[in-house]
Amino acid sequence: MGKENDLTKHEKRQIEAYYDEGLTFAKIGRKTGRVWTTISKFVRKKYNENGRQNCGRKEKLTTRAKRSIVTLATKDNMSSQGIKATLGLPVHKRTVLRVLANDKNVKYAKYKKQPILTKEHIQKHRDWAREMQTKNEE
């Protein structure tokens, strides 16, 4: 099967008129003598405003939700799980992390792990610091 000839200007105007009247692709095809898939492709190209096909999965997060995520992460210093719970988002916590990673104004920083200090540790640290002060003075 070969490719059909391109539509003429007259045919394009006819298709646009029939489409605006509300006819189906099959009926337009019968009236113009073209296959309905040709009509469908022409209409899709003609009436697609953004110039590209809507391919891929639709985003679950709106731009407003993304802004809210960034705001909570920067101002309240919340975790991704906390942000998700606070905003009641229907996404995984990694999606929240991805939004933050794609934002140019947010820099990821992870706290260093530190052991929990007991009162005994704190006292020993103070004693050691006093010892070092006296050694430096001598």
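Trainee: Which residues of α3 are buried?

Mentor: Thr38, Ile39, Ser40, Phe42 and Val43 are the buried residues of α3. Buried means under 20% relative accessible area, exposed means over 50%, and partly exposed lies in between (1.4 Å probe, protein chains only). Helix labels such as α3 are DSSP runs numbered from the N terminus (helices: H or I, at least four residues; strands: E, at least two). This is a predicted model, in which local features need pLDDT of at least 70 and side-chain atom pairs count only at pLDDT 80 or more, while totals for chains, interfaces and linings use all residues. Residues are numbered from 1 along each chain as its sequence is written, and side-chain values use heavy atoms, with hydrogens and water left out.

Trainee: What do the buried residues of α3 pack against?

Mentor: They pack against α1 and α2 (25-32). Packing is read from contacts, meaning heavy atoms within 4.5 Å.

Trainee: Stay with α1. Is glutamate 11 buried or exposed?

Mentor: Glutamate 11 sits in helix α1. Its relative accessibility is 13%, so it counts as buried. Set aside residues up to four places away in sequence, and glutamate 11 touches Asp6, Thr32 and Arg34.

Trainee: How far apart in space are glutamate 11 and tyrosine 111?

Mentor: The C-alpha atoms of glutamate 11 and tyrosine 111 are 66 Å apart, with their positions 100 residues apart in sequence.

Trainee: Now the cores. Which residues form the largest nonpolar core?

Mentor: The general idea first: a nonpolar core is a set of buried Ala, Val, Leu, Ile, Met, Phe, Trp, Tyr and Cys residues joined through side-chain atoms within 4.5 Å. Here the largest one has twelve residues: Leu61, Ala65, Ile69, Val70, Leu72, Ala73, Ile83, Leu89, Val91, Val96, Val99 and Leu100. Both α4 and α6 supply at least two residues of this core. The most, five residues, comes from α4.

Trainee: What is valine 99 in contact with, leaving aside neighbours within four places in sequence?

Mentor: Valine 99 contacts Leu61, Lys66 and Ile69. A second, separate core has seven residues, including Leu7, Ile15, Ile39 and Phe42. Ile39 and Phe42 also appear among the buried residues of α3.

Trainee: How many salt bridges are there?

Mentor: Side chains of opposite charge can pair when their charged atoms come close. The rule asks for a side-chain nitrogen of Lys or Arg within 4 Å of a carboxyl oxygen of Asp or Glu. That gives five salt bridges. One of them joins lysine 46 and glutamate 16, at 3.4 Å from N to O. This pair links distant parts of the chain, 30 residues apart: lysine 46 is in helix α3 (residues 36-46) and glutamate 16 is in helix α1 (residues 9-21).

Trainee: What is the relative accessibility of lysine 46 and of glutamate 16?

Mentor: Lysine 46 is partly exposed at 44%. Glutamate 16 is partly exposed too, at 22%.

Trainee: Which glutamate meets lysine 66 in a salt bridge?

Mentor: Glutamate 59, at 2.9 Å from N to O. Lysine 66 has 27% relative accessibility, so it is partly exposed. Glutamate 59 is exposed at 61%.

Trainee: Where do arginine 130 and aspartate 127 lie?

Mentor: Both lie in helix α7 (residues 119-137), three residues apart, about one turn of the helix. Their side chains form a salt bridge at 3.6 Å, N to O. Arginine 130 is partly exposed at 48%, and aspartate 127 is partly exposed at 36%. Lysine 124 is also in α7, and it is exposed at 54%. Its C-alpha lies 47 Å from that of lysine 66, and the two are 58 residues apart along the chain.

Trainee: Last one. Where do the residues nearest the centre of the largest pocket fall?

Mentor: Rolling a probe the size of a water molecule over the atoms shows where empty space is left. On a 1 Å grid over the protein atoms alone, a pocket is an open set of points where a 1.4 Å probe fits, with protein on both sides within 12 Å along at least five of seven lines; lining residues have an atom within 4 Å of a point. Here 17 residues line the largest pocket, with Asn77, Met78, Leu100, Tyr108 and Ala109 nearest its centre. The elements giving two or more lining residues are α4 (63-75), α5 (80-87) and α6 (93-102). The largest share, three residues, comes from α6.
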